[in-house]
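Trainee: Could you take me through one part of this model in close detail? I would like to see how the helix sits in its surroundings.

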Amino acid sequence: MFRIVDASAFDAEETKKRVDWPFKRMKVGDVIEFSSSVNHAEARNAGRIYGKHSGMEFSFKNINGALLVMRTK
């Protein structure tokens, strides 16, 4: 589903109704790579919404079919 590029270990537990995104466990500077099997628009929206409610900030970048997410604040 996704690969940690530079962070401590995270697990994303997918259920039928929702995905337990790893954003809440990220520290500043952590980077997560979501593979093409993950809906990138859904991952990006989930990160932005979580960031607004928690005060965290994330940077999103598409590279070679993968979505990189970095916590910046």
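Mentor: Read from the N terminus onward, the chain of this predicted model runs β-β-α-β-β, with one helix and four strands in total. Happily for your request, that leaves a single helix to look at, α1.

Helix α1 covers residues 40-54, which makes 15 residues. From its first C-alpha to its last it reaches 21 Å, close to the 21 Å expected at 1.5 Å a residue. Have a look at both ends. At the N-terminal end, N39 acts as the cap, with a side-chain oxygen 3.1 Å from the backbone nitrogen of A41. Just after the helix comes G55, with a positive phi of about 85°.

Now for the sides. Which residues of α1 are buried? They are H40, A43, R44, A46, G47 and G51. An α-helix has 3.6 residues a turn, so residues three or four places apart point the same way. In α1, a view down the axis puts the buried residues within an arc of 160°, so they line one face of the helix. The face turned away from that buried side carries I49, K52 and H53, which are exposed. As for what lies over the buried residues of α1, the cover includes β2, β3 (58-63) and β4 (66-71).

Strand β2 (31-34) also leads us to the aromatic residues, since F34 lies in this strand. One aromatic cluster is formed by W21, F23, F34, F58 and F60, and the structure holds five aromatic pairs. Take W21 and F23: their ring centres are 6.0 Å apart and their planes meet at 25°, so this pair is stacked. W21 counts as buried because its relative accessibility is 15%, below the 20% cut-off. F23, at 2% relative accessibility, counts as buried too. F23 also pairs with F34, this time in a tilted arrangement, with 6.3 Å from centre to centre and 50° between the planes. That pair links distant parts of the chain, 11 residues apart: F23 belongs to the loop between β1 (2-6) and β2, and F34 to strand β2. Like F23, F34 is buried.

To set the helix against the whole chain, buried residues make up 37% of the 73 residues. Of the contacts between residues at least 6 apart in sequence, 48% join residues at least 24 apart. The accessible surface comes to about 4900 Å², and carbon and sulfur atoms account for 48% of that area.

Terms used:
Residues are numbered from 1 along each chain as its sequence is written. This is a predicted model: local features need pLDDT of at least 70, side-chain atom pairs count only at pLDDT 80 or more; totals for chains, interfaces and linings use all residues. Side-chain values use heavy atoms; hydrogens and water are left out. Rings of Phe, Tyr and Trp (its six-membered ring) pair if their centres lie within 6.5 Å; planes under 30 degrees apart count as stacked, over 60 as edge-to-face and the rest as tilted. Buried means under 20% relative accessible area, exposed over 50%, partly exposed in between (1.4 Å probe, protein chains only). Helices (H or I, at least four residues) and strands (E, at least two) are DSSP runs, numbered from the N terminus. The expected span of a helix is 1.5 Å times one less than its number of residues. The arc is that of the directions from the helix axis to the C-beta atoms. Contact means heavy atoms within 4.5 Å. A polar contact is a pair of N or O atoms within 3.5 Å; within protein, one must be able to donate a hydrogen and the other to accept it, and residues adjacent in sequence count only if both atoms are side-chain atoms. Accessible areas come from the Shrake-Rupley method with a 1.4 Å probe; for residues, only the protein chains shown count as cover.
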